[in-house]
Structures are given as structure tokens and as C-alpha cells.
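Visitor: I'm new to this structure and would like a close look at a single part of it. Could you pick one spot and walk me through what surrounds it?

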Amino acid sequence: MAKIKLILGITGASGAPLAMRLLEELSSRDIETHLVVSRGGILTIQEECHKTLDEVSAMADQRYDNNDIGAAIASGSFDSMGMVILPRSMKTAAGICSGYSDNLLLRAADVTIKEGRPLALAPRECPLSPIHLRNLQELAGYGVKILPPMMSYYHHPRSIEDMEAHYIYKLLDLLKIPARDFPRWRGLSC
């Protein structure tokens, strides 16, 4: 039986450690990861994770060059469960929103929307400008799931790693991937 495939895009916004956490989590499951990284994503990985593109690529099942617009993930016939862009820059949001598919990452996102598959975006910017908000609202209207990396406290995190794990669990939950040890809200305990 073929593995389920998930496309993961990494762009130049802050938050590359979250992408590493997602790759680690998916590697323990029967999900085949297909990675595409923007030029800005490579720089962010180096700065925030102190890893090379080759080291991150080794965590995925397949990596594609962002300039390879003819790669497998550029086609709707590529059978995937969807795509996650984590972290996602506002430049990437604008490209997806306008259908400007001049690289593989944008084309794969465009195809994901076209095929009606789940597309989850993790926007990283603060504060958000009216342009950012307009693009995010428009993308949400197309059925794109917007999951900014937001902190939560109801699960009583004790570390940054706890907060990262909780975010990854929420992302997996959205994709209908069972999340082990996901601390779900059970109501007020007071």
C-alpha cells in the first residue's frame, strides 16, 4: 500500500524550528513528506536552526528545487493529502492569493487549492498590515486554513518546546492526522 503524501513548504518567515518539529513528527508515521524550500527559507533555516538545506532535506522523503516548476508536486495528478507551508512569509501569501506561480512552492500551493485539497498556512508577521489581512481573508475564502503560530496557555506549557508541540498537534489535527498526547480543552478546571 502506498504511503500518504504531504507537501511541506518552508519560506523565509521566522519559525523554521516549527517546520523541523513537523518533519520529526511526520517521520514517525506512515506519511511521505515532499519538501520545497524558498531561498528565504534556506536563510531562515540556517539562522534559526543552524542547519544546512541538506540536513533538513535528509529529514524529508523527497526534496525539490524551488526553481523546478516541472517537478511532480507541480501537477494536480500528484496524489497528496494536501500541503502545509510552515512558516509562511507574507510574500508567499501574496503570491498564492494572486495566483502568481513563478516558482515550485507557489505552483504546488496553487495546485493544492485547484484540486480542493487541504492547504494550511502558518503566517509569520507582527503586526499585520491591512494588505496582509486582506490577503489572508481572501485565502481563507478559498478554503485555505490559516494557522498562525499562536501561543496558548490552557495546556499549562512548561517550555517553548511544549508550546511548539501544541501548535504541531493543532496542525496535525487539522489535517486529520491523529496527534498523540494532544492536550485538548476540557473546560475550566476551577
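**A close look at strand 5**

Guide: Let's begin with a right-handed β-α-β unit, which is made by strand 5, helix 6 and strand 6. Keep in mind that this is a predicted model. Strand 5 covers residues 119-123, and helix 6 takes in residues 130-141, while strand 6 is found at 145-146.

Now zoom in on strand 5 itself. Five of its five residues are buried, so strand 5 is largely enclosed by the rest of the structure. Here "buried" means a relative accessible area under 20%. In a regular strand, side chains alternate between the two faces of the sheet. You can follow both faces of strand 5 here: L119, L121 and P123 sit on one side, A120 and A122 on the other, and all of them are buried.

Next, look at the strands beside strand 5. Two bridges join strand 5 to strand 6, and the two run parallel. In that pairing, A120 stands opposite K145 of strand 6. Strand 5 is also joined to strand 4 by four bridges, again running parallel. There, M83 stands opposite L119 of strand 5.

M83 is a handy stepping stone, since M83 in strand 4 also stands opposite I7. That takes us to strand 1, which runs parallel to strand 4 (residues 83-88) and is joined to it by three bridges. Five of the seven residues of strand 1 (residues 4-10) are buried, so strand 1 too is largely enclosed by the rest of the structure. One step further, seven bridges join strand 1 to strand 2 (residues 31-37), and these strands run parallel. I4, for instance, has I31 in strand 2 as its bridge partner. Strand 1, helix 1 (residues 16-27) and strand 2 form a right-handed β-α-β unit as well.

What do strand 5 and these other elements help to build? The largest nonpolar core has 34 residues, and L8, I10, L22, I45, V84 and L86 have the most contacts inside it. Strand 5 supplies at least two residues of this core, as do strand 1, helix 1, strand 2, helix 2, helix 3, strand 4 and helix 7. Helix 1 gives the most, with seven residues. For one link to strand 5, try V84: leaving aside its neighbours within four places in sequence, V84 is in contact with A120, and also with L6, I7, L8, G9, L22, L171 and L175. There is also a second, separate core of 23 residues, including Y64, L106, A108 and V144.

Now for the helices around our strand. In helix 4 (residues 90-98), M90, T92, A93, G95, I96 and C97 are buried. The buried residues of helix 4 pack against strand 5, along with strand 4, helix 5 and helix 6. Right after helix 4 comes G99, whose phi is positive, near 75°.

Finally, back to helix 6, where you'll find H132. With a relative accessible area of 16%, H132 is buried. Leaving aside neighbours within four places in sequence, H132 is in contact with M90, E125 and P127. H132 and K91 are 41 residues apart in sequence, yet their C-alpha atoms are 9.2 Å apart in space.

Terms used. Residues numbered from 1 in each chain as written. Predicted model: local features only at pLDDT ≥ 70, side-chain atom pairs only at ≥ 80, totals over all residues. Heavy atoms only, no water. Buried < 20%, exposed > 50% of the residue type's maximum accessible area, 1.4 Å probe, protein only. Pairing = 2+ DSSP bridges. Right-handed = clockwise from strand over helix to strand, strands pointing away. Core = buried A, V, L, I, M, F, W, Y, C linked by side-chain atoms within 4.5 Å. Contact = heavy atoms within 4.5 Å.
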